[in-house]
Amino acid sequence: MIPDYHLHSSYSDDSEADIYDMVKSAQEKGLTSFCITDHYDRDYPAHYPDDFIFDLDTKSYMMDMLKIKKELEPTFDMRIGIELGVMPSTAEGLNSFTSEHPGIDFVIASTHIVDNEDPYYPYFYEGRSEKEAYGRYFETMLLNVSKFDDFSVYGHLDYCVRYGPNKNKYFDINDYKEIFEAAFKIIIPKGKGIEINTGSLYRGLDVPHPHKDILKLYKEMGGEILTFGSDAHSPEHIAYDFSNAALLAKSLGFKYYCTYNKLVPEFHEIP
Ligand SMILES: [Zn+2]
Ligand SMILES: [Zn+2]
């Protein structure tokens, strides 16, 4: 079983999952390892009092996770990761994140905010075409990639298509190809990777993130580092549809998936 490298627990603002329930569910599904990646979005712009703010006391998170990791060690190989929400305004300040958090295994960098708005909400798409909204998202992702490099893989590269009015129905990579080429020209030589994220599949899409044409471009440009993540916020979604995601990766020529130990990628053959 491919270990799940994108998981949220109650340490994330938007999850109530007990971490031990996550481990139990993973073990029931045959996993012997996973990497927990709770949310931390520095300066997340909440617009309403009830909005999540995705804050995290990262130092005490690390302390708790190191304790849990040790406790689980005899039966389960838990790796410690984080999903850092990056914005052009916070990117540079986050570049010392891993040196400030010894013991961390893995970092997902994610674009969750564009021009002070989260594409999760419908107002992000108002007053412009879907293509313009997606384009603005991808431009921001590229800006983040150019300013921030303290990460292992870039998360859900086309996160916006999860929530756009027509989702991926009219998505065409040719509309944004230069942006992805520029991003991969930065990511690949730095020894960083991307993820296949199956969180789209239980959110109404029929394909994982990113779109297969984006994955294909990444491979063609020499990208090898690939992790698998379900983006589960509750135990039942752990390793969601990894078998089909593995088939997709193999059909595009990927031979390996990665796990991480203290920020160092480990390559394993895709089963
Ligand atoms: Zn995310
Ligand atoms: Zn996530």
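Strands (E, at least two residues) and helices (H or I, at least four) are DSSP runs, numbered from the N terminus. Two strands pair if DSSP finds at least two bridges between them.

This is a predicted model, in which local features need pLDDT of at least 70, side-chain atom pairs count only at pLDDT 80 or more, and totals for chains, interfaces and linings use all residues. Residues are numbered from 1 along each chain as its sequence is written, while chains are lettered from A and ligands numbered from 1 in the order in which they are written.

**Exercise 1. The sheet**

Task: State which residue stands opposite I108 in β4, then place β3 and β4 in the order of the open sheet.

Solution.
- Step 1. The residue of β4 opposite I108 is V153.
- Step 2. β3 covers residues 106-110, and its pairing with β4 is parallel, over two bridges.
- Step 3. The open sheet has six strands in the order β1-β2-β3-β4-β5-β6, with parallel pairing.
- Step 4. The edges are β1 (33-41) and β6 (226-229); each has a single partner strand, so one side of each has no neighbour in the sheet.

**Exercise 2. The hairpin**

Task: Describe how β7 and β8 pair and find the turn residue with a positive phi.

Solution.
- Step 1. β7 and β8 are antiparallel, with six bridges.
- Step 2. One of the bridges joins T259 to E266 in β8.
- Step 3. Two residues separate the strands of this hairpin, and K262 in the turn has a positive phi of about 50 degrees.
- Step 4. K262 lies between β7 (256-261) and β8 (264-269). A residue is buried if 20 or more other C-beta atoms, placed from the backbone, lie within 10 Å of its own, exposed if 12 or fewer, and partly exposed in between. K262 is exposed because it has 12 such neighbours.

**Exercise 3. Other backbone exceptions**

Task: Locate the cis peptide bond and a further lysine with a positive phi.

Solution.
- Step 1. As background, most residues other than glycine have a negative phi, and most peptide bonds are trans.
- Step 2. The bond between H209 and P210 is cis, with omega about -15 degrees. P210 belongs to the loop between β5 (193-197) and α6 (212-220).
- Step 3. K167, not a glycine, has a positive phi of about 50 degrees. Its loop runs between β4 (153-154) and α5 (177-187).
- Step 4. K167 counts as partly exposed because 18 other C-beta atoms lie within 10 Å.

**Exercise 4. Two helices and their buried faces**

Task: Which residues of α1 and of α6 are buried, and what do they pack against?

Solution.
- Step 1. In α1 (residues 19-28) the buried residues are I19, M22, V23 and A26. Their directions from the helix axis to the C-beta atoms fall within an arc of 100 degrees, so they line one face of α1.
- Step 2. The cover over these α1 residues includes β1, α2 (58-72) and β2 (77-85).
- Step 3. In α6 the buried residues are I214, L215 and Y218. Their arc around the axis is only 100 degrees, so they are on the same side of α6.
- Step 4. The buried residues of α6 pack against α5 and β5.
- Step 5. A glycine with a positive phi follows each helix: G30 after α1, near 95 degrees, and G222 after α6, near 105 degrees.

**Exercise 5. The core and the whole chain**

Task: Identify the residues with the most contacts inside the largest nonpolar core, then summarise the chain.

Solution.
- Step 1. A nonpolar core is a set of buried Ala, Val, Leu, Ile, Met, Phe, Trp, Tyr and Cys residues joined through C-beta atoms within 7 Å. The largest has 69 residues, and I36, L84, V107, A109, F151 and Y154 have the most contacts inside it.
- Step 2. Helix α4 (residues 130-147) gives the most to this core, six residues.
- Step 3. Two residues are in contact if their C-beta atoms, placed from the backbone, lie within 7 Å. Outside its neighbours within four places in sequence, A109 has contacts including L84, V86, N144 and F148.
- Step 4. The protein chain has seven helices and eight strands, and 43% of its 271 residues count as buried.
- Step 5. The radius of gyration, taken over C-alpha atoms, is compared with a globule rule of 2.2 Å times the number of residues to the power 0.38. For 271 residues a compact globule would be near 18 Å, and the protein chain has 17 Å, which agrees.
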